[in-house]
There are 2 protein chains.
Amino acid sequence: MGKQIKYMLDEDKIPKKWYNIQADLPTPLDPPINPKTKNPVEPEDLAPIFPMELIKQEISTDRWIPIPEEVREVYRLWRPTPLYRARRLEEALETPAKMYYNWEGVSPPGSHKPNTSVAQAYYNKKEGNEKITTETGAGQWGSALAFGTMLFGLDAEIYMVSASYDQKPYRKILMETWGANCYPSPSDRTESGREVLKGDPDSPGSLGVAISEAIEIAMKEETTKYALGSVLNYVLLHQTVQGLECKKQFEMIGDYPDHIFGCTGGGSNFAGLFLPFAGDKLRGESDINTAGHDVQDLKITHCEPASCPTLTKGLYLYDHGDAAGYTPYLKMHSLGHSFIPPPIHAGGLRYHGDAPILCKLQKEGVTDAVAFHQNETFKAAHTFAQAEGFVIAPETSHCAKAWIDEALKCKKTGEQKTLLMANSGHGHFDLGAYEAYHKGELIDYEYPKELAEKALAEAPDI
Amino acid sequence: MGKQIKYMLDEDKIPKKWYNIQADLPTPLDPPINPKTKNPVEPEDLAPIFPMELIKQEISTDRWIPIPEEVREVYRLWRPTPLYRARRLEEALETPAKMYYNWEGVSPPGSHKPNTSVAQAYYNKKEGNEKITTETGAGQWGSALAFGTMLFGLDAEIYMVSASYDQKPYRKILMETWGANCYPSPSDRTESGREVLKGDPDSPGSLGVAISEAIEIAMKEETTKYALGSVLNYVLLHQTVQGLECKKQFEMIGDYPDHIFGCTGGGSNFAGLFLPFAGDKLRGESDINTAGHDVQDLKITHCEPASCPTLTKGLYLYDHGDAAGYTPYLKMHSLGHSFIPPPIHAGGLRYHGDAPILCKLQKEGVTDAVAFHQNETFKAAHTFAQAEGFVIAPETSHCAKAWIDEALKCKKTGEQKTLLMANSGHGHFDLGAYEAYHKGELIDYEYPKELAEKALAEAPDI
């Protein structure tokens with residue numbers, strides 16, 4: 001009784017610098033490749049769609065990148081986020097393990113996404129841009145971008161996959177409440193959209209088409225740029241506020257994780273939490289007292305859907321970053337850029353590849369990965385909700401599963417391991433998925449291996 | 001720049017006692033009256049449906065009531081809640097006023113309601129009860145009770161107004177995720193339900209019918225009790241953790257409110273925030289340094305819907321606490337217990353009366369009240385969301401309106417008043433109402449005065 005549950009930091013403990021793991025990688029990242037020239041992409045290739053400061057961050061190997069004071073000001077609305085000790089869950093599982101989770105669900109958009117959308121809006125504003133375009137699937141990223149652009153007085157033009165626009169109105173309303181213009185894609189506002197509508201006036205849309213609409217507008221308009229919510233190095237960089245705060249919280253507790261779990265789609269959320277710890281592992285030392293834990297022994301586990309198993313089944317090669325084939329080739333674990341994963345509820349994990357930084361660390365053996373089916377992840381989320389109260393996103397449920405499994409293993413072995421889970425957001429807009437789980441209607445989709453093999457056959461030979 | 005936004009307290013600052021304003025009222029509360037005997041209700045009258053400890057709290061005049069350690073343990077999951085300084089909103093309004101709000105939206109159910117549902121579940125468990133029944137309209141209270149009973153290992157049987165059960169599935173799924181059994185009311189599980197269904201098999205239900213179903217089960221089953229989410233003295237008592245924490249936060253800041261705003265339906269949320277300050281006003285002194293503010297000058301303003309204007313248009317008399325006429329007569333501002341308010345989106349403010357404690361304070365001139373139409377309240381909520389990020393509940397929008405109005409008045413007069421708003425919860429399950437507002441489809445209902453007059457004519461002559 002009377003044991004502390006939440007570990008909070010004062011606002012002045014919001015980090016002043018982001019951590020850039022590129023400084024600590026054993027060998028440099030393989031560069032993105034221009035599909036036309038087959039040469040590495042140059043900063044000027046990216047200048048039409050991204051602000052220069054973000055392009056610089058993308059290729060920087062400086063270990064620390066200052067967080068602008070204006071961005072820290074906005075972070076204050078919800079950061080530092082709490083680190084929770086899941087004492088009720090430990091009791092329910094009867095595990096000797098110490099179970100921790102950070103909690104990004106306290107942000108106004110309800111996830112980790114604004115950690116980068118706010119920064120991207122700031123740099124665009126600073127460089128004189130007036131509008132940002134982006135695409136969004138179920139609307140998680142779109143709503144975070146709407147929030148960020150609103151706070152810096154920018155316009156946002158968001159292309160939302162038409163099927164989701166109709167079926168999932170809540171995040172669209174969020175975007176509009178925050179002042180963004182949200183259009184169902186394909187739209188008649190762009191050539192790419194009109195082209196698709198000519199072939200099928202009732203097209204349900206796809207992320208690929210939405211991306212091309214957003215990029216087309218950014219290319220055409222002088223003071224309009226395009227924003228991405230995952231995969232890129234600078235997106236992962238901005239997310240490291242999570243792990244940097246978390247290290248301070250562990251220092252306060254006098255503990256250090258033995259094992260970190262996170263869900264990985266593009267990978268920005270989990271990267272944000274684990275990269276500062278992975279940096280310790282790579283350098284063989286930590287800037288905080290690790291309470292007797294050897295940083296070299298730290299385990300880091302990606303948790304992904306069995307039906308879209310990029311890190312566990314994908315090939316490590318150069319492939320397009322987007323389904324439509326507009327982006328440069330990125331070196332990553334891919335299921336093929338034309339691979340279409342089954343319609344699982346964890347929409348944020350339906351990406352055919354992973355962030356190049358994460359793939360490099362996976363290849364180097366710094367991290368490992370596991371894959372789960374939907375029903376077992378919702379069962380874990382349900383166990384979590386019944387002990388801790390919070391109803392988490394379907395994406396997050398994937399790492400809840402691995403985290404709980406490990407705690408149960410500790411119950412058998414008696415090990416008092418310190419287990420940390422990346423709790424990326426709430427599931428308030430995903431309760432339909434919980435209902436399907438309660439009713440036994442959730443489908444455990446098989447991994448469509450043939451589809452992936454076919455898609456991979458289209459990968460470029462680089 | 002760099003100015004603090006959130007004022008947080010450590011977990012060990014969660015209050016150890018609730019504040020009972022009955023100790024400081026100038027004259028005692030008028031007692032609830034047994035409709036049959038016309039005599040004051042005796043504790044034993046209530047024993048079949050409430051645990052004894054809550055009945056004792058209902059009539060206690062002790063100033064401080066200890067919060068059981070087990071309840072504080074659960075509060076730790078989200079309490080103490082943050083006190084925010086709305087610096088971005090101040091800037092947007094260009095007001096010299098200092099605008100503060102507490103934020104109850106961080107609780108797992110997303111509102112202030114678990115402050116009492118957890119306590120009620122605890123006392124029921126302690127007295128050997130195994131199940132709690134209740135009614136719920138849109139599901140806000142039902143989900144909070146499901147959360148509370150789950151954490152103390154009790155069953156919950158919740159009767160949800162049938163129309164809402166079908167139209168608002170999300171809170172029902174929340175209740176089920178937290179292990180409660182939720183039934184559409186009228187149901188065939190009770191005599192009262194079957195009676196209604198006999199007359200109309202497709203009855204959309206009403207709060208009155210749902211209450212009678214819940215009470216019927218509690219009366220019938222030995223170890224089952226009934227729970228209420230507002231109006232009663234002990235519910236307001238449990239909510240005072242809000243105001244007690246808030247006073248500590250003001251002490252930390254070195255400030256004290258000049259004016260407090262809250263939305264009032266039954267009144268439990270706003271009471272929870274303002275009663276500890278009202279106690280200062282009644283006693284003429286505070287236990288904290290008021291930074292030069294005279295506690296006697298403190299203004300406290302109830303904000304209610306113009307279409308259900310209990311405090312601004314109701315009569316102060318004895319009336320039933322529930323629409324169906326099952327409960328004792330309560331002395332309160334009422335529009336008549338059979339009054340049916342127009343279908344505004346702020347479902348939590350559609351109550352025909354107000355908590356007797358609040359009505360007494362209103363009658364004594366300790367508080368005042370204003371009423372607003374839907375569109376102006378959503379406009380205020382939209383202004384709030386665009387400055388502060390958080391999307392608040394339609395109920396809370398009512399006090400956002402008055403708070404912003406007062407800040408704009410300060411802009412004209414140059415007064416640097418300290419204005420505090422009770423921010424009771426998020427609007428994640430109410431985005432449909434925001435969409436209606438954006439589309440200009442919100443109706444500003446007139447106050448159906450004739451209906452109220454007719455309903456009031458039925459009030460008992462006591």
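**Exercise 1. Establish how strand β6 of chain B is joined to β9(B), and place both strands in their sheet.**

Solution. Three bridges join β6(B), which spans residues 131-136, to β9(B), and the two strands run parallel. This reading, like the rest of the exercises, refers to a predicted model. One of the pairs can be located by residue, since K131(B) has T224(B) as its bridge partner in β9(B).

Widening the view, one finds an open sheet of four strands in chain B, ordered β8-β7-β6-β9, with parallel pairing. The strands β8 (181-185) and β9 (224-226) of chain B each have a single partner strand and stand at the edges, so one side of each is left without a neighbour in the sheet. On average, and with direction ignored, neighbouring strands here are turned by 25° against each other.

**Exercise 2. Determine which helices of chain B pack on this sheet, and how they are directed.**

Solution. Begin with helix α8 of chain B, residues 169-177, which packs on the sheet and touches β6, β7 (155-161) and β8 of chain B. The direction of α8(B) makes about 170° with that of β7(B).

Continue with helix α10 of chain B, residues 207-220, which also packs on the sheet and touches β6, β7, β8 and β9 of chain B. Here the angle is taken against β6(B), and it is about 170°.

**Exercise 3. Decide whether β6(B) is enclosed or open to its surroundings, and trace the chain from it to β7(B).**

Solution. Taking buried to mean under 20% relative accessible area, six of the six residues of β6(B) are buried, so the strand is largely enclosed by the rest of the structure. In a regular strand the side chains alternate between the two faces of the sheet. In β6(B), K131(B), T133(B) and E135(B) point one way, while I132(B), T134(B) and T136(B) point the other way, and all are buried.

The next step is the pairing with β7(B), which is parallel and extends over six bridges; within it, T133(B) stands opposite E157(B). Between the two strands the chain passes through helix α6 of chain B, residues 140-151, and this β-α-β crossover is right-handed.

**Exercise 4. For helix α15 of chain A, find how many residues are buried and what follows the helix.**

Solution. Helix α15(A), residues 356-363, is mostly covered, with seven of its eight residues buried. Among them are P356(A), L358(A) and L361(A), and the buried residues also include K360(A) and Q362(A). After the helix comes G365(A), whose phi is positive, near 80°.

**Exercise 5. Describe the contact between the two domains of chain A, and then the contact between chains A and B.**

Solution. Chain A is divided into domain 1 (14-109 + 233-456) and domain 2 (114-226), and their C-alpha centres lie 24 Å apart. The contact takes 34 residues from domain 1 and 29 residues from domain 2. About 2,700 Å² is buried between these domains of chain A, and carbon and sulfur atoms give 68% of that area. On the side of domain 1, I49(A), P109(A) and F429(A) supply 24% of the area buried against domain 2, more than any other three residues.

Between the chains, the contact takes 50 residues from chain B and 50 residues from chain A. Together the chains bury about 4,300 Å², with 59% of it on carbon and sulfur atoms. In chain B, the residues that lose the most area to chain A are L77(B), R88(B) and T177(B), together 15% of what that side buries.

Technical notes. Residues numbered from 1 in each chain as written. Chains lettered and ligands numbered in written order. Predicted model: local features only at pLDDT ≥ 70, side-chain atom pairs only at ≥ 80, totals over all residues. Heavy atoms only, no water. Pairing = 2+ DSSP bridges. Axes fitted to C-alpha atoms, helices over the stretch in contact; angles between N-to-C directions. Contact = heavy atoms within 4.5 Å. Buried < 20%, exposed > 50% of the residue type's maximum accessible area, 1.4 Å probe, protein only. Right-handed = clockwise from strand over helix to strand, strands pointing away. Domains from an automatic or database assignment. Buried area = accessible area lost by both parts, 1.4 Å probe.
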